[in-house]
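Me: Please take a close look at one part of this structure and describe it for a reader who is new to it. I should like one connected account, with each term explained where it is used.

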Amino acid sequence: MGNQGTAPAEEAGRDQPQIAAPLPGVVVTGASGRMGQMLVRAVLDSDACRLVAALVRPGHPWVGMDVGAAMGGVPVGVPVTDDAVSAIARAQAILDFTAPEASLATATLAAQARAVHVIGTTGFTAEQLARLRPAARHAPIIRAGNMSLGVNLLAALTRKVAAALGTAWDIEIVEAHHRMKVDAPSGTALMLGEAAAEGRGDSLADLRTPARDGMTGARAAGSIGFASVRGGDVVGEHDVIFATEGERVVLRHLATDRAIFARGALRAALWGQDKGPGEYDVADVLGI
Ligand SMILES: NC(=O)C1=CN([C@@H]2O[C@H](COP(=O)(O)OP(=O)(O)OC[C@H]3O[C@@H](n4cnc5c(N)ncnc54)[C@H](OP(=O)(O)O)[C@@H]3O)[C@@H](O)[C@H]2O)C=CC1
Ligand SMILES: O=C(O)C1=N[C@H](C(=O)O)C[C@H](O)C1
């Protein structure tokens with residue numbers, strides 16, 4: 001495993017002694033979670049940053065343990081902590097895949113520390129998203145319902161196809177996830193729905209069809225519908241279906257490894273190091 005604790009000194013220039021800039025210090029919140037553990041591994045494996053803290057909920061059984069050992073591997077020299085204030089005060093970036101209220105609390109501390117806050121958490125209400133905004137006046141917030149390269153490319157394609165096909169083509173988004181997922185539709189599905197709505201020059205708030213159950217009546221022209229499947233260990237699958245008389249176009253992304261989300265989050269954290277306060281997404285990071 002790569003860097004943790006303090007940054008290594010780098011080779012000085014030929015004649016002039018130089019002081020190497022320290023590698024950005026990263027805090028992973030929700031470090032015991034499915035994504036939290038992926039993120040801890042991604043940071044430890046990276047040569048471009050160092051893990052300064054693995055943060056968990058107050059009183060979590062992992063507190064005080066070495067995070068490598070807690071995850072079932074070898075010790076890595078970073079203890080698990082539940083002291084968010086002092087952990088985040090030492091961070092240049094925070095990787096946060098937790099729950100909406102936890103991410104809101106973290107945003108306040110990230111703003112105080114002027115640290116880049118990468119938020120992968122999904123399931124925010126519109127009111128919760130509005131509460132994130134003040135923190136972005138003090139530090140960069142990079143938030144996306146899906147941090148993978150493939151899904152962000154799919155969102156760009158969805159926007160283009162929706163613009164090209166027009167309202168004679170119905171748009172439905174179908175997503176599947178593991179049995180433990182707590183929010184629906186997925187953050188990715190909503191992201192793809194927003195891209196489709198933008199392609200049609202509108203917003204998802206205007207076009208979204210409520211979940212169907214019972215006597216729904218016929219489909220409203222121009223609307224965007226969502227369906228969610230939950231079961232087993234599905235990492236994440238998304239279809240954007242464009243359906244019209246006699247034909248369908250289906251754009252699909254299949255995630256088979258959560259490492260894609262962790263890699264995307266880390267890339268975002270490093271990209272954000274020289275950015276000013278504000279709200280960004282992964283399309284900004286990728287320049288697409
Ligand atoms: N944007 C993206 O690319 C992706 C986003 N996600 C999103 O990331 C989030 C986490 O997913 P996943 O890792 O599968 O979920 P898990 O339930 O496995 O992990 C969530 C973690 O957050 C912690 N947590 C939850 N609530 C709080 C709280 N109020 N205070 C402190 N800690 C808290 C949990 O701690 P404890 O166990 O102690 O409750 C746990 O460590 C979800 O919103 C999911 O949709 C997931 C994958 C990719
Ligand atoms: O909860 C998950 O697992 C995932 N959540 C994100 C979402 O809500 O879209 C991203 C990914 O699909 C996995």
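Reply: A crossing of two helices is called left-handed if the near helix is turned anticlockwise from the far one by less than a right angle, and right-handed if clockwise. The model is predicted, so local features need pLDDT of at least 70 and side-chain atom pairs count only at pLDDT 80 or more, while totals for chains, interfaces and linings use all residues. Residues are numbered from 1 along each chain as its sequence is written, and chains are lettered from A and ligands numbered from 1 in the order in which they are written.

The part chosen is helix α1, which spans residues 34–45; helices (H or I, at least four residues) and strands (E, at least two) are DSSP runs, numbered from the N terminus. The axis of α1 comes within 9 Å of the axis of α9 (residues 259–271), and the two cross at roughly 55°. Because angles under 35 degrees count as roughly parallel, over 145 as roughly antiparallel and 65 to 115 as roughly perpendicular, with the rest oblique, α1 is oblique to α9. These axes are lines fitted to C-alpha atoms over the stretch in contact, with angles from 0 to 180 degrees between N-to-C directions. The crossing of α1 and α9 is right-handed.

On the α1 side, the contact is made by M35, M38, L39, A42 and V43. They meet A259, F261, A262, R263, A265 and L266 in α9 (contact: C-beta atoms, placed from the backbone, within 7 Å). Of the residues in this contact, 10 are nonpolar, none is polar and one is charged (Ala, Val, Leu, Ile, Met, Phe, Trp, Tyr, Cys and Pro count as nonpolar, Asp, Glu, Lys and Arg as charged, and the others, Gly among them, as polar).

Helix α1 also takes part in the surroundings of ligand 1, giving three residues to that shell, the most of any element. The elements that give two or more residues there are α1 and α4 (100–113). In total, 23 residues surround ligand 1, and the closest are G30, G33, M35, A102 and G120 (a residue is near a molecule if its C-beta atom, placed from the backbone, lies within 6 Å of it). M35 thus appears both in the contact with α9 and among the closest residues to ligand 1. By class, the shell around ligand 1 holds seven nonpolar, 13 polar and three charged residues.

For ligand 2, the surrounding residues are T122, G145, N146, H177, K181, S186, G187, T188 and G236. That shell has no nonpolar residues, eight polar ones and one charged.

Key: Contact = placed C-beta atoms within 7 Å.
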